Amino acid sequence: MGDDWLSQRAQAAEQAVPGGFDLSECVREPIHLLGGVQSYGTLLAVDAATGLVDTAAANTGPLLGVPAEDLVGGPVTRVVEPDDWNEALEATSGADAPSAALPVTAGTGSSRGTFDLSVHRSGELLVLEFEPRDERQAFLFSGFYQGVRRALARLRSASTVTDGCRTAVKEIRSLTGFDRVVAYRFDGPDGPGEVVAEEVTDAWEPWLGLWFPATDIPPQARRLYQDNWIRVITDVDDPTVRLHPQVRQSTGRPLDLSGAALRTVSEFHLEYLRNIRVRSSMSVSVMREGRLWGLIACHGAEPKVLAPEVRSACELFGAAFSLQLAAIEERERADGFARSGARAGAVAELLDADVEASLLRHDEAFRGLTNADGVALVRSGRLVTAGLPLPDRLASELGRRAALMTPGTVWATDRLPELLAEAGTGTGTGTGTGTDTEAERGPIAEPDGVAGLLMVSLGRSGEFLAWTRAERPMPREWAADPAAPVRVGPRGERLTPRGSGAVFRSVMRGRSLPWTAQDQSAALEMWRLLTGLVLRHANELGRLNDELRMINVDLDSFAHAAAHDLKEPLRGISNAATFTLEDAADDLDATSVRRLETMQRLAGRMDELLNSLLHYARLGRGGVERTDVPLDDVVDAALEVAGPRLADEHVTVVRPATLGRVRADPDRLYEILVNLLVNAAKYAADRPDRTVEITVATVPTQDGAGREQAVLVRDNGIGIPPGRQSEVFDLFRRLHGPAEYGGGTGVGLAVVKRIVERHGGRLWLESEPGQGTAFYFTLGDPGPAASGSA
């Protein structure tokens, strides 16, 4: 029955679809539910609560003395001693209990004998695996233990990953006696694998340096390797033993054999081993940070049964090797951090308060820190790049990833196009040293020549610092053509034999040079130094803001005093002078009357100054409420106030048909225009014909992109000497006497300057004596740009 079933599986593997061999069937095969075990041992699955046998291998009759059909439904103590059963329960009790190995005497009648019993839990079941113990080859634990100790000591002396792999394959071959042992490293979780170390008998061809297609170890096999440290196949031609019942009544599925050492093997894998002329094999998982880093793969030319102690030693060695790899990588990272710290510090010293500008000035030093082709910084929504360009859409996508990362987390990849393609098709999330969580994204951005990326998150708002590398085509030698893993043979389409005799050479595209631990350490140190710099600037800015707040408080107090405390006695002085003139005018001499009138005039002047000061102070506290304003409407409103003064000075206002629109606070913009128009009217007095033209228009500025518009108010009055042009914006500063050119307090242009600054804009003038003055101002964020013509 077992042979018939095996034959059916072989046919299904070879003819999965009409006309040939379909590797997609291999990828989808549930290899943990194949319903059979290797024949050199037997298996029972027992309900842990009741002790009743749920499932039994079909060979329990010859090995344990009771047929599987008779065992199922009965007590396990029929073939296992009660004490051994209780010990198995106790050894595997508790949550996440490990598997256990016990030497036991089991079976009945003539089949009673000594077995190595392996026990593990599978849900509510306790799975018992029995392997006959050959007392003639009794396991000499003491001698073997010393060999294992020596092997582990040699492993601990390895200083590099390559050295560790070489030591691992040599010691595993010494422990097991296989003909070939290789260290096989995966290129990413779902990628192909490379043989990085090898110990092989002279009769076998070498595989060192060869790459094997990813389909050789499909995803479900990798998951099992990740859950189980070791996998042994004693004989590829073993007559697989089926389980009884083949499908469990409680679940409607075969027994889950994920944790079983005796679990049968997929016929696809057996076919693979036969094609590379392997009769027995063992695989030991190599883990890194909870993921499958690679395998130590062992091959034998003849069937080989490994005692549980040997398997346990290999499993221990695999765990120790994984820890050693982690230690090596941590040591390399620590050494890299030490070497890169000084370099990062030297680069950080080139930074100043304007981080973006200093990065552009010293981009070669930044790129040299990690041997990168480009560098990019995103801060406050602004992207700055140097060297290899980073497309805007890709920068936005990286910003979304950075926002999900903990600040200071480093994420690196040498295959960015591949990851973007996977994210676009939903086939994966990529790999990196930081978070693997993907942000929700729209269409995937093309990397445009960027193949490698080393990024460190600067904050939860999506800010990041990144280094980029261009594509570096890399040659590879494959043990088989990865694009054609099957070929036509005498028995139909078969898995292609692997080996150096069938080397297929190709060039990998879309990859950059890989990022080293030193590169990543440099990025992390740069983040630390950059964060410290920004924090220092933030602290300094906070201190200055505190000082500014205190100054504003003092200014508010002064304005309040000016509005109330100072004006009150001033009104008293003015009223006293007025009442004296009214009540005693006939009794005062001319000099006294003149002095009282001067007192009245000066009190009025002082009142105007205090009102102007109060208004100027309040401008600093009030907010700016921008709206989309028609500039023509604001000019019209300003002319209603300034118009009479302009008419008195015989001034003509020239303006285009339309001035367009601006983004501004309409009340504050109105105040700007009133002050500028009145100012222009004041200084028209010296024109002989007393006819002055004032032009109001909008003009483009030289901001480098033509995006900013300035409002212009120009007169052809007396002009301003070059050496005194900056003085006109000072508070209470007039270039003429108090009574000249219409008088005033010298506050109007200072108010204009303060309002423009509150908008985030700029104010400047162009003037020549006798040729008039042109005042220009912008209003910060252009929004819908002002338009019009001069």
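## Close-up views of a sheet and its salt bridges

**View 1. G36 stands opposite R242 in β11.** Welcome to the edge of the sheet, in a model that is predicted: local features need pLDDT of at least 70 and side-chain atom pairs pLDDT 80 or more, while totals for chains, interfaces and linings use all residues. Residues are numbered from 1 along each chain as its sequence is written, and side-chain values use heavy atoms, leaving out hydrogens and water. Here β1 pairs with β11 (residues 241-244) in the antiparallel sense, over two bridges. Pairing requires at least two bridges found by DSSP between two strands. Helices (H or I, at least four residues) and strands (E, at least two) are DSSP runs, numbered from the N terminus.

**View 2. Seven strands make up an open, antiparallel sheet.** Follow the order β1-β11-β3-β2-β6-β5-β4 from one edge to the other. Because β1 (36-37) and β4 (100-106) are the edge strands and have a single partner strand each, one side of each is left without a neighbour in the sheet.

**View 3. Helix α5 lies across four strands.** Residues 82-91 form this helix, which lies across β2 (42-47), β4, β5 (113-122) and β6 (125-132). Contact here means heavy atoms within 4.5 Å. Helix α5 runs at about 175 degrees to β4; axes are lines fitted to C-alpha atoms, for helices over the stretch in contact, with angles from 0 to 180 degrees between N-to-C directions.

**View 4. R528 and E525 form a salt bridge.** The closest N and O atoms of this pair are 2.6 Å apart; a salt bridge is a side-chain nitrogen of Lys or Arg within 4 Å of a carboxyl oxygen of Asp or Glu. The two residues sit three apart in helix α15 (residues 517-584), so about one helical turn separates them. R528 is partly exposed at 45% relative accessibility, whereas E525 is buried at 5%. Buried means under 20% relative accessible area, exposed over 50%, and partly exposed in between (1.4 Å probe, protein chains only).

**View 5. A salt bridge joins R661 to D628.** Their closest N and O atoms are 3.0 Å apart. This pair links distant parts of the chain, 33 residues apart: R661 is in β25 (residues 661-664) and D628 in β23 (residues 627-630). R661 is partly exposed, at 40%, and D628 is partly exposed, at 34%.

**View 6. D632 forms a salt bridge with R655.** Look for closest N and O atoms 3.1 Å apart. D632 belongs to helix α17 (residues 631-648) and R655 to the loop between β24 (651-654) and β25, so the pair ties together parts 23 residues apart in sequence. D632 is buried at 16%, while R655 is partly exposed at 28%.
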